[in-house]
Amino acid sequence: MKRRFPLLPGFSRTIQARLIIIYVLLILIAMQLIGVYFVSAMKNSLTSNFTQDLQERAELLSVLAADKWSGSGEAGSNAINDLKLMVDNLYNMSGTEIQEIQVLDISGRVVISSLQSGADLEGRRNTQTVVSRALQGISDNEEYIIDETGERKRVVAKPVISGGKTVGAVYIVASMKELYSTMKRINGIFLSGILIALALTAVLGVILAHTITQPIKEMTRRAKEVAEGNFDHQMTVYSDDEIGQLSEAFNYMTSRLRDALAQNEEEKDKLASILKNMSDGVVATDEQGRVILLNRVAGTMMNVSEEEIVGKELADLLHLPENERTKLLNGTLRRTVLKLGEEYEGNSSILRVTFSPIHRRKESITGIIAVLQDVTEQEKLEGARREFVANVSHELRTPLTTIKSYTEALEDGALEERALAERFIGVIQNETQRMIRLVTDLLHLSRLDSSEAMLRKQRTDVRELLEDTIDRFSVQMQQKDIQSATDLDIDVGSVWIDRDHMDQVLDNLVSNSLKYTPDGGKVTLGAYSTEDGMVAITVTDTGIGIPKQDLDRIFERFYRVDKARSRNMGGTGLGLSIAREMVLAHEGHISLESEFGQWTKVTVTLPLHEEGDGVH
């Protein structure tokens, strides 16, 4: 959670201000501790010296008074005068410190006083505790008092011992005003020193904080530039300390981040290029199953755009049933097959979808990658392969069954009847030839499919090609009373073709026309040049025609419009398929038009000239 201090000014929330404040507070605390110790020590020292000085003076006066004192404790007039003189001298020498000096007899009466009004005090008793203790022979007597004016004073009393007996006492009162004045001056000097030190500390703190925060501010600016994608600038390394090491680490991090982002962009471009050029569709979702990415192929397969699909659920997009939706979200659905479009409209497609869940450290699913493969052609080829195998099996089974039946009949005794045996043998030969033709056509188709059939192209006159074709079928046409004709444009000359292959194509087409054209009909072979520089060869008949529903499949292998009739006429169902493959091998194309019950027209379009050859 980000903390805010709205009551503090903005500067106080900066690292520089905090460093200065901490630095000043540390110095202040340190100086306060030092000051307290110093002042306390100074006060104790001055007080001790002051007290010791009073003790020494009192001791001196006590000794002098003992010399002047009689053994009986009484002093003569001369002794008193001498003591008076000593007291006055001691009082005058002390300046303003000693306020009063008294010499007391054994009863505590004042004998001598330093005060001007001391005569009034003489004869009076001093009843203070220190005096009483001194008269009892106790030498260590001192007291700290404050008078009615608030002045601090130190009181010292010493016993006067003469002849081993206490004969009196010395009482001194000294003012501590000068001592405390001295302490006050010392405190003032110390306080001024503290203020000056704090001021210098603040200045040094600003300088020190600036040396620390300036690289941090610069690093902050550089970090913002790096966040915006600018990796050109480097941090200046001012020293080898922690800040310098941090600057070097920041520069290293910037270079590594630049390299990582460059590598990431490169990988991203590679991934985008791979997704764009993949033949399979790819759809990516988030952990809720909503689409976040798809490539162009996926959009084309499902006929949607990225804007329409992003954000929608993948299960809705693929129209998955409820049981597969649950598996998809659980990450257990691996693949499914979808059928899109309507079969009767001819635009249906089959998609095989493979799902790959994306795991976060093998703990949970963060998304799903769906790979879409269009297997429409594959399924069609697979269906065609199954149909082809079934057709071949059917085409071979029928003659084999016939041959088996007739051979069994011959074994059962039909061989003894010559006429019947000859007829059976003729049927067996016909069925055998039929299988030979079927196998030959299959081998021919196989070579065409595998591009093993080599084309031996040569320049061939189109008119000659068509007339030779009509000549080959002239006898059959006469037998069925079918008229033949050619229709050529005058600008049609020659083409580069494999003559044998093209003769076979035209033979198949004309043969079909003769089979399905009633007696008295007409077959026309024509040729004309197309606008795209090719030659179109046509075979048109007035036969029974082909129903519209069969036109799209007429070139499929083994496909027959009238299966029974075609088989009875000796056809294998591969003639038109072979014709188409041969035309495609010539880089041309073949098409068929028909009106059921009226006419049929097959058009073969071929290149006009070979590559590198001029136009003929």
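Start with the whole chain on screen: of its 616 residues, 36% are buried. What you're looking at is a predicted model. Colour it by secondary structure and you'll get 18 helices and 17 strands. Switch on the surface, too: the accessible area comes to about 36900 Å², and carbon and sulfur atoms account for 53% of it. One more thing about the chain as a whole: take the contacts between residues at least 6 apart in sequence, and 58% of them join residues at least 24 apart.

**Stop 1: two helices**

Select residues 177-227, which is helix 5, and residues 242-277, which is helix 6. A pair of packed helices is described by the angle between the axes and the distance between them. Here the angle is about 5 degrees and the axes are 11 Å apart. Angles under 35 degrees count as roughly parallel, so helix 5 is roughly parallel to helix 6.

Now show side chains where the two meet. On helix 5, pick Ile212, Pro215, Met219, Arg222, Ala223 and Val226. On helix 6, pick Ile243, Leu246, Ser247, Phe250, Thr254 and Leu257. What kinds of residues make this contact? Colour them by type and you'll find 9 nonpolar, 2 polar and 1 charged.

**Stop 2: an antiparallel sheet**

Next, look for an open sheet of 5 strands, in the order 7-6-10-9-8, with antiparallel pairing. Which strands are at its edges? They're strand 7 (291-294) and strand 8 (335-340), and each pairs on one side only. Look at the sheet from the side: neighbouring strands are turned by 25 degrees against each other on average, ignoring direction.

Zoom in on strand 8 and strand 9 (residues 349-360), which run antiparallel and are joined by 6 bridges. To see one partnership, click arginine 335, whose bridge partner in strand 9 is threonine 354.

**Stop 3: a mixed sheet with a helix across it**

Move on to another open sheet of 5 strands, ordered 12-14-15-17-16, this time with mixed pairing. Strand 12 and strand 16 each have a single partner strand, so one side of each has no neighbour in the sheet. From one strand to the next, the twist averages 15 degrees.

Select strand 15 (residues 534-541) and strand 17 (residues 599-607): they pair in the antiparallel sense over 8 bridges. Threonine 538 is a good one to click, as it stands opposite threonine 603 in strand 17. Then add helix 15 (residues 499-515), which lies across strand 14 (522-529), strand 15, strand 16 and strand 17. Helix 15 runs at about 25 degrees to strand 15.

Stay here and click glutamate 593, in strand 16. Glutamate 593 is partly exposed, with a relative accessible area of 41%. Leaving out residues up to four places away in sequence, glutamate 593 touches Trp599, Thr600, Lys601 and Thr603. Try the distance tool from glutamate 593 to lysine 548: they are 45 residues apart in sequence, but 9.1 Å apart in space, C-alpha to C-alpha.

**Stop 4: two unusual backbone angles**

Most residues other than glycine have a negative phi. Aspartate 481 has a positive phi of about 55 degrees, although it isn't a glycine. Find aspartate 481 in the loop between helix 14 (474-479) and strand 12 (483-488). Is aspartate 481 buried or exposed? With a relative accessible area of 55%, aspartate 481 is exposed.

Finish at glutamate 587, with a positive phi of about 60 degrees. Glutamate 587 sits in the loop between helix 18 (575-585) and strand 16 (589-595), and at 65% relative accessibility it counts as exposed.

Terms used. Residues are numbered from 1 along each chain as its sequence is written. This is a predicted model: local features need pLDDT of at least 70, side-chain atom pairs count only at pLDDT 80 or more; totals for chains, interfaces and linings use all residues. Side-chain values use heavy atoms; hydrogens and water are left out. Axes are lines fitted to C-alpha atoms, for helices over the stretch in contact, and angles run from 0 to 180 degrees between N-to-C directions. Helices (H or I, at least four residues) and strands (E, at least two) are DSSP runs, numbered from the N terminus. Angles under 35 degrees count as roughly parallel, over 145 as roughly antiparallel, 65 to 115 as roughly perpendicular and the rest as oblique. Contact means heavy atoms within 4.5 Å. Ala, Val, Leu, Ile, Met, Phe, Trp, Tyr, Cys and Pro count as nonpolar, Asp, Glu, Lys and Arg as charged, and the others, Gly among them, as polar. Two strands pair if DSSP finds at least two bridges between them. Buried means under 20% relative accessible area, exposed over 50%, partly exposed in between (1.4 Å probe, protein chains only). Accessible areas come from the Shrake-Rupley method with a 1.4 Å probe; for residues, only the protein chains shown count as cover.
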